[in-house]
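Here are a few exercises to work through with the viewer open. Try each task before you read its solution.

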Protein chains: 2
Amino acid sequence: MLYSKLFGKAKKAGKVYNSVNATLLQKGGFIDQVMAGTYTYLTLGTKVLNKIENIVREEMDNIGCEVIMPSLTPFENWNTTGRLETVDILMKTTPANVFAKAKNDTEYVLNPTHEEVVTPLAQKFVTSYKDFPFALYQIQTKFRNEPRVKSGLLRGREFRMKDLYSFHTSVEDLKSYYEESKKVYLKIFERLGIGADTVIALASGGSFTSDYSHEFQTICETGEDTLFLDKSTNTYFNKEVAPSKAPKIKDNDLKMKDREDVEGKGIVGVTELAEFLKIPVEKTTKTLIYETDDGRIIAAAVRGGYDVNEDKLRKVVGCKAIKLATPEMVEKATGAKVGYAGILNLKKEVEVYYDESLEDRLNFETGANKTNFHSINVNFGRDIPMPNKFYDIKVAKKGDLNPETGLEYEVFKASEVGNIFPLYTKFAEAFGYKFVDRDGQEKPIYMGCYGIGTSRIMGIIVEKYHDDRGIIWPKEVAPYQVHLIGLDLKDESIRQKAHDLYETLMKRKIEVLFDDREDASAGEKFGDCDIIGIPVRLVISKRTGDKIEYKKRSSADTKLISADEIPNLL
Amino acid sequence: MLYSKLFGKAKKAGKVYNSVNATLLQKGGFIDQVMAGTYTYLTLGTKVLNKIENIVREEMDNIGCEVIMPSLTPFENWNTTGRLETVDILMKTTPANVFAKAKNDTEYVLNPTHEEVVTPLAQKFVTSYKDFPFALYQIQTKFRNEPRVKSGLLRGREFRMKDLYSFHTSVEDLKSYYEESKKVYLKIFERLGIGADTVIALASGGSFTSDYSHEFQTICETGEDTLFLDKSTNTYFNKEVAPSKAPKIKDNDLKMKDREDVEGKGIVGVTELAEFLKIPVEKTTKTLIYETDDGRIIAAAVRGGYDVNEDKLRKVVGCKAIKLATPEMVEKATGAKVGYAGILNLKKEVEVYYDESLEDRLNFETGANKTNFHSINVNFGRDIPMPNKFYDIKVAKKGDLNPETGLEYEVFKASEVGNIFPLYTKFAEAFGYKFVDRDGQEKPIYMGCYGIGTSRIMGIIVEKYHDDRGIIWPKEVAPYQVHLIGLDLKDESIRQKAHDLYETLMKRKIEVLFDDREDASAGEKFGDCDIIGIPVRLVISKRTGDKIEYKKRSSADTKLISADEIPNLL
């Protein structure tokens, strides 16, 4: 490709966005923002995206059949699973004006995911035990009604994704395929150049199972996820599910003091409260009041400095859905205004769940359940009956221990590049999809789903591989392998030499971007080259004589080489 | 690919749809209808679509840069061109439920075409004369709010398309690129296996130019378009724009008869009327009353048996838009109820346009502009002043002559596979996109757009290439080159031979679909093979001995060959 003919050239002085990938991909001429969360992939970006998707496709072909499902789907499909009215990123289409409305007034769902399409599709074609297991995948554009989108390609209203769905006649078969898919995923990330830093983390399995799902996370300073690693078992947990044991607090108290109610009007945050009471934050208690879908009132208490993990709480409580109680409800349950809830003197009908971080404290604080008042020097066994059980209902944080091994977690920032999810019978059941077994009986079908955000990966690679001058593409996904720069091109013999080398490389099927501009300065060309980030730079100029200057994007060293050496150096 | 592992096998007894392509593509396991006009491409269909799109991409790369523009666009872009409120196939997105609405209530346009995206995109990157001309293209999914969709892949609510947009600093440069694009398009259709039957036809240039656009039409019995060919100039016209001269009518009348008003209550269609009056249809006159956007009332008259071509009429009248008058307006203009309008005694304010088919008739009929009455034996020069001018304002029909050459057209059915369209300054002007010339002055930019419906082409190929047993794919787009059938596979040695051949073909990079089913009958396998339509069938069975039976899908002949001969026979 001649750089002079490339649409969307690098812009050294391009705008700086909220995220590294949005800034560098736009400076480099890979993407262009149409609106927040929606981009045009320019020619260089299209090349990178195609490379990523081709690698994904090659590996997926080993474990599934490629299809392309539509983006538009009748409401009926989404009504069947009950998700039409509940999924908060779901969009639908509607005619844009009165003429369109007169022509066809039907509305359609614009799919953000395809369980609602793939399940009835599979049902139409495969019902005999003989044809199981099987898996279908597609690589296509997905749509999500995202509110604030500031992370470039990491989160979009419209993005590219590979989604695969597998179908099985038993849980065992699902599990075996699921394990196989992990290997294939790791191979894909290896081929994409991010294998060394990509790990499998346990994540939430959703509301219909107590199982984990699995996320493929690339360790990256700017990642939006937090991982907790137990080194002894080499297990990574996403923060949202990491089991946690709070480290013991340092306490100088040796015996119980007299309980006291302290007036502290308007003091509700634990940091502010600890300062006001002149006690460590660890001695405060955070109590939140929840309602469950089955009508129970719940108090959840964690040590000051922690947050309640609602997913953990919901599982412990044993209900389908949980939400913070309204101020009226809080008042009714505690007898006080919001902000003064505590574990002391709660109404009988309130079920209390104590986090394990509350254990082993002497003389702690808790809301007094009396407007404006906090109780201090509270103790279990004296002021509050010793709880029968302490739970883990908190969000893990740095410094926490894995309760199973007792070891302190290592904590990493990371970005999700893929996830796999055991769906079990959830969708097959909703559509009444069963298989006919050897014995002629209809039996349940188990499904899994397996996603990779291909455009997202493009963003993550940039977040991970760049320096202050621009992107540094792994060669597997680089738009070209060689960035050839011609300098002093107004000199006929040098121009000829540069164009000859370009032709030679093309003939050898080496992917090359040739900066053939005659009116751009050397500084401009080198700058653009660094922003774009192609793995190898070659320079031909007056200075290089019969040789060619060779430099890797990832290194500062240059050397003079002959044309014959090029293939070996790529 | 092992046929036993293929998702979406052929269904000989599959449903019959309104169109050949919908029926055969679904029987063959290429597509599956999700709703009218919206399909899943199954694995075989995805392969065919990819082959078509790769051919298109390879040729487009010679004349443009690939990009991928988003499907979602802010309203603003479409407001700029005024098309948000007028394009009747335009859809928008809106949150699908209350939770989605709470999250993000913004609506977006779902693009059916990308002039509104590509123009501001180009404007952001290219303004200097030095960087012109250039062209951008993409291959992606488009969305159209179609009301009734019954033609399989020929017309969909969601379909695949290649669209290219070119940008120029002069009309001459646009024209030169435009001519070049025709050659590239013809090469693409050649490579797709439909070159021999694909022609360029003149079509409407839209409301903003008197120029033609150009359609690439594949001659095909089931085609939904009609082409008129003037053999002497080898020019094809789409019916919608074909200039037409009506053949002279055979008339036994030699002199004028007395005019007469005949009562014929409720008789309004020309065929019914001619029968009632006992005159040839050619002696009746069809008069329609129109309103123009600039407030004029128009009467358009054509010979019985013809229809008014509103596009031709609009150009002759010299206005931007035209529509049939309301019944009230008709009554006001003619003094009679709808159905009795004629060219006699019209109100002064009505402008009358006479089609040339009305010339040279003696004693013709016309509506009397009097409710329930028709006038017969009407004559120009006696009952109606001889018109100053006759126009061509009718829809051409079989038997018509080309007015320029006087030759009778040949008429063909055809299906559109591509179109190219000179946009001139329409979109660049709307966005205020100008280029800076050598002299520092801002000057207008000329654009062209160039479309190919890639999924539509898949449908058209099937409409064209099939027999009563199934599809017959041209090899360039066939999902596989070889359909290998193993019979008698329960015999260990035959099974081994068949699997060995399959492996050998795979190693030689020959695309092969291997029907390895052990429980399917020979009849079933041959039937599926014919429906699917892969160019070459190979059979291994007890009967074939050391040889392999070879048969082309397009022929009934079989022969026994050795494995070594296969590559040469593909």
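The exercises below use a predicted model, and each one comes with a worked solution.

**Exercise 1. Work out how strands β28, β29 and β30 of chain A pair up.**

Solution. Start with β28(A), residues 536-540, and find β29(A), residues 548-552; the two pair in the antiparallel sense over 4 bridges. To check the register, pick Arg537(A): facing it in β29(A) is Lys551(A).

Now move on to β30(A), residues 558-561. It pairs with β29(A), again in the antiparallel sense and over 4 bridges. Here a handy marker is Tyr550(A), whose bridge partner in β30(A) is Lys559(A). Last, trace the chain from β29(A) to β30(A): you pass through a hairpin with 5 residues in the connection.

**Exercise 2. In chain B, find the order of the strands in the open sheet that holds β13, β18 and β19, and say which strands sit at the edges.**

Solution. Lay the 3 strands out side by side and you get β13-β19-β18, with antiparallel pairing. The edges are β13(B), residues 260-263, and β18(B), residues 364-370, since each of them pairs on one side only. Ignoring direction, neighbouring strands in this sheet are turned by 35° against each other on average.

Zoom in on one pair: β18(B) and β19(B), residues 373-378, are joined by 4 bridges. Within that pair, Thr366(B) stands opposite Ser375(B).

**Exercise 3. Which residues of helix α8 in chain B are buried, and what covers them?**

Solution. Take the helix, residues 310-317, and count neighbours: a residue is buried if 20 or more other C-beta atoms lie within 10 Å of its own. Lys312(B), Leu313(B) and Arg314(B) are buried in α8(B). Next, look at what lies over the buried residues of α8(B): the cover includes β15 (297-303), β16 (322-324) and β17 (350-354) of chain B. Finally, step past the end of the helix, where Gly318(B) follows with a positive phi, near 80°.

**Exercise 4. What rotation superposes chain A on chain B, and through what surface do the copies meet?**

Solution. Superpose the chains: a rotation of 180° with 0.0 Å of shift along its axis does the job, at an RMSD of 0.1 Å. The two copies are therefore related as by a two-fold rotation axis. To place that axis in chain A, go to Thr93(A), whose C-alpha is the nearest to it at 2.2 Å.

Then compare the interfaces. Of the interface residues of chain A, 100% are also interface residues in chain B, so the copies meet through the same surface.

Note on methods:
Residues are numbered from 1 along each chain as its sequence is written. Chains are lettered from A and ligands numbered from 1 in the order in which they are written. This is a predicted model: local features need pLDDT of at least 70, side-chain atom pairs count only at pLDDT 80 or more; totals for chains, interfaces and linings use all residues. Two strands pair if DSSP finds at least two bridges between them. Axes are lines fitted to C-alpha atoms, for helices over the stretch in contact, and angles run from 0 to 180 degrees between N-to-C directions. A residue is buried if 20 or more other C-beta atoms lie within 10 Å of its own, exposed if 12 or fewer, and partly exposed in between; C-beta atoms are placed from the backbone. Two residues are in contact if their C-beta atoms, placed from the backbone, lie within 7 Å. Copies are superposed by least squares on the C-alpha atoms of residues with pLDDT of at least 70 in both.
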